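Here is a friendly walk through one protein model, written for someone who likes to check geometry by eye. Keep the viewer open as you read.

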Amino acid sequence: MALKLNAFNFQSHKYSSFVLPPMVSLRSPKFFMAASLRSGTKEVETKKPFSPPREVHVQVTHSMPPQKIEIFKSMEDWADQNLLVHLKPVEKCWQPQDFLPDPASDGFHEQVKELRERAKEIPDDYFVVLVGDMITEEALPTYQTMLNTLDGVRDETGASPTSWAIWTRAWTAEENRHGDLLNKYLYLSGRVDMRAIEKTIQYLIGSGMDPRTENNPYLGFIYTSFQERATFVSHGNTARLAKEHGDIKLAQICGIIAADEKRHETAYTKIVEKLFEIDPDGTVLAFADMMRKKISMPAHLMYDGRDDNLFDHFSAVAQRLGVYTAKDYADILEFLVGRWKVADLTGLSGEGRKAQEYVCGLPPRIRRLEKRAQGRAKQGPIMPFSWIYDREVKL
């Protein structure tokens with residue numbers, strides 16, 4: 001799971017990935033600063049070293065009615081036969097070492113030297129995006145935790161034999177290789193400040209994430225369907241750019257990660273497809289709810305100890321390079337609407353029909369807003385990034 005795009009600002013050069021423009025939101029949710037406390041009517045600023053640097057929403061919890069939990073219990077056999085098939089046996093999986101210099105070989109130092117020579121030809125802005133993707137992948141403990149907040153599908157014991165729990169653990173194990181591989185590549189490249197990156201990872205895992213899925217697997221699996229496709233797009237584009245910069249090995253690294261994300265996307269979209277079959281009204285309402293909230297990147301609380309807007313700055317670079325853009329957001333939404341045949345749903349309630357109309361009409365609406373924003377976009381400023389020893393990159 002990796003990717004960019006948080007609220008993009010139509011008054012400036014910045015776009016971020018993974019979220020609808022603020023002006024599209026049909027409601028104005030309350031926020032609170034994790035580093036502030038309310039005292040009566042006053043807001044008291046506090047210094048909390050383990051609090052997120054950015055605002056988080058007032059959380060809604062356990063929003064799914066108890067009868068809906070029975071749907072997921074009834075899907076146990078379905079999950080065993082249709083979900084677990086998208087996992088690969090460990091012995092057939094690639095491992096990070098397959099793509100890295102072999103430390104046990106006599107040619108290890110030469111292999112590292114070749115890797116570093118190739119890395120010298122890659123521009124700083126690409127490394128900013130690659131580092132941001134890697135940091136997002138490295139916050140995997142948070143994502144497993146998020147899946148285990150979902151009512152009816154969580155791993156209740158840490159080693160539960162249910163199909164849902166097996167999926168979550170095995171998905172996590174497959175995803176874990178992504179951060180390991182990118183981290184080791186970046187370490188060997190010599191192009192980045194690993195201590196600044198490691199601090200960012202620690203801050204991010206400590207901050208958690210704010211997906212607004214309400215312990216509700218309807219919302220959770222819609223979120224992961226979107227996220228996995230977005231990650232597939234992002235890693236695919238970093239592979240393309242690595243090839244353009246002449247580093248075929250790095251292109252292979254990004255491409256193999258993208259292939260994993262595509263397989264995981266298939267699994268999550270199948271879950272939601274089944275929910276549309278069992279409960280079309282409830283599922284389309286959840287889809288509309290998630291899209292009104294906006295799909296924010298799991299790493300939107302990213303912080304390096306210095307830059308409170310690090311995520312926005314990273315996302316702006318990704319947008320400019322074409323790694324993940326507002327257009328991609330609209331394309332993914334359009335893909336999911338078609339994949340789940342939302343326009344063909346019948347027999348919906350009045351609220352369900354409104355939700356159907358909303359999500360089906362949203363992709364062209366996003367594209368129109370993005371086109372206007374492109375017309376108003378200003379030249380981006382130059383920004384230093386701690387990840388690359390404070391070298392400056394255009395946003």
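Helices here are DSSP runs of H or I with at least four residues, strands are runs of E with at least two, and both are numbered from the N terminus. With that in hand, Asn215 can be placed in the loop between α7 and α8. Please bear in mind that this is a predicted model.

**The overall picture**

The protein chain comes to 13 helices and six strands. Of its 395 residues, 56% count as buried. Among contacts between residues at least 6 apart in sequence, 80% join residues at least 24 apart.

**The loop before helix α8**

Let us stay with that loop for a moment. Most residues other than glycine have a negative phi. Asn215, although not a glycine, has a positive phi of about 60°. Arg212 is found in the loop between α7 (194-207) and α8 too, and its phi is also positive, near 65°. Are these two residues buried or exposed? Arg212 has a relative accessible area of 13%, so it is buried. Asn215 counts as buried because its relative accessibility, 13%, is under the 20% cut-off.

**Helix α8 and its neighbours**

Two packed helices are described by the angle between their axes and the distance between the axes. For helix α4 (residues 124-138) and α8, the axes come within 11 Å and cross at roughly 145°. The crossing of α4 and α8 is left-handed. Which residues make the contact? From α4 they are Tyr126, Val129, Asp133 and Glu137, while α8 brings Thr231, Ser234, His235, Thr238, Leu241 and Ala242.

Val233 lies in helix α8 as well. With a relative accessible area of 17%, which is under 20%, Val233 is buried. Leaving aside residues up to four places away in sequence, Val233 touches Val323, Tyr324 and Asp328. Val233 and Lys262 are 29 residues apart in sequence, with their C-alpha atoms 8.7 Å apart in space.

**Aromatic rings**

The structure holds 16 aromatic pairs. In one of them, the ring centres of Phe226 and Tyr329 are 4.9 Å apart and the planes stand at 50°; this angle falls between the limits of 30 and 60 degrees, so the pair is tilted. Phe226 sits in helix α8 (residues 217-244) and Tyr329 in helix α12 (residues 326-339), so this pair links parts of the chain 103 residues apart. Phe226 counts as buried, at 1% relative accessibility, and Tyr329 counts as buried at 0%.

Phe276 and Trp340 form another tilted pair, with ring centres 5.9 Å apart and planes at 40°. This pair also links distant parts of the chain: Phe276 belongs to helix α9 (residues 248-278), Trp340 to the loop between α12 and α13 (350-376), and 64 residues separate them. Both Phe276 and Trp340 are buried.

Where rings gather in a group, look for Phe72, Trp164, Trp167, Trp171, Tyr218, Phe221 and Tyr268, which form one aromatic cluster.

**Arginines over rings**

Two arginines lie over the faces of aromatic rings, as listed here.

| Arginine | Ring | Distance from the ring centre |
|---|---|---|
| Arg229 | Phe335 | 3.6 Å |
| Arg292 | Tyr358 | 4.2 Å |

**A hairpin of β5 and β6**

Strand β5 (residues 382-385) and strand β6 (residues 391-394) pair in the antiparallel sense, over four bridges. What are the bridge partners of Met383 and Phe385 in β6? Met383 is matched with Val393, and Phe385 with Arg391. The hairpin has five residues between the strands, and Tyr389 takes a positive phi near 60° there.

**Back to the start**

If you would like places to revisit in the viewer, try the loop between α7 and α8, where Arg212 and Asn215 are found. From there, move on to the left-handed crossing of α4 and α8, and then to the tilted pair of Phe226 and Tyr329.

Note on methods. Residues numbered from 1 in each chain as written. Predicted model: local features only at pLDDT ≥ 70, side-chain atom pairs only at ≥ 80, totals over all residues. Heavy atoms only, no water. Phe/Tyr/Trp six-rings, centres within 6.5 Å; stacked < 30°, edge-to-face > 60°. Buried < 20%, exposed > 50% of the residue type's maximum accessible area, 1.4 Å probe, protein only. Lys NZ or Arg CZ within 6 Å of the ring centre and 35° of its normal. Pairing = 2+ DSSP bridges. Axes fitted to C-alpha atoms, helices over the stretch in contact; angles between N-to-C directions. Left-handed = near helix turned anticlockwise from the far one by under 90°. Contact = heavy atoms within 4.5 Å.
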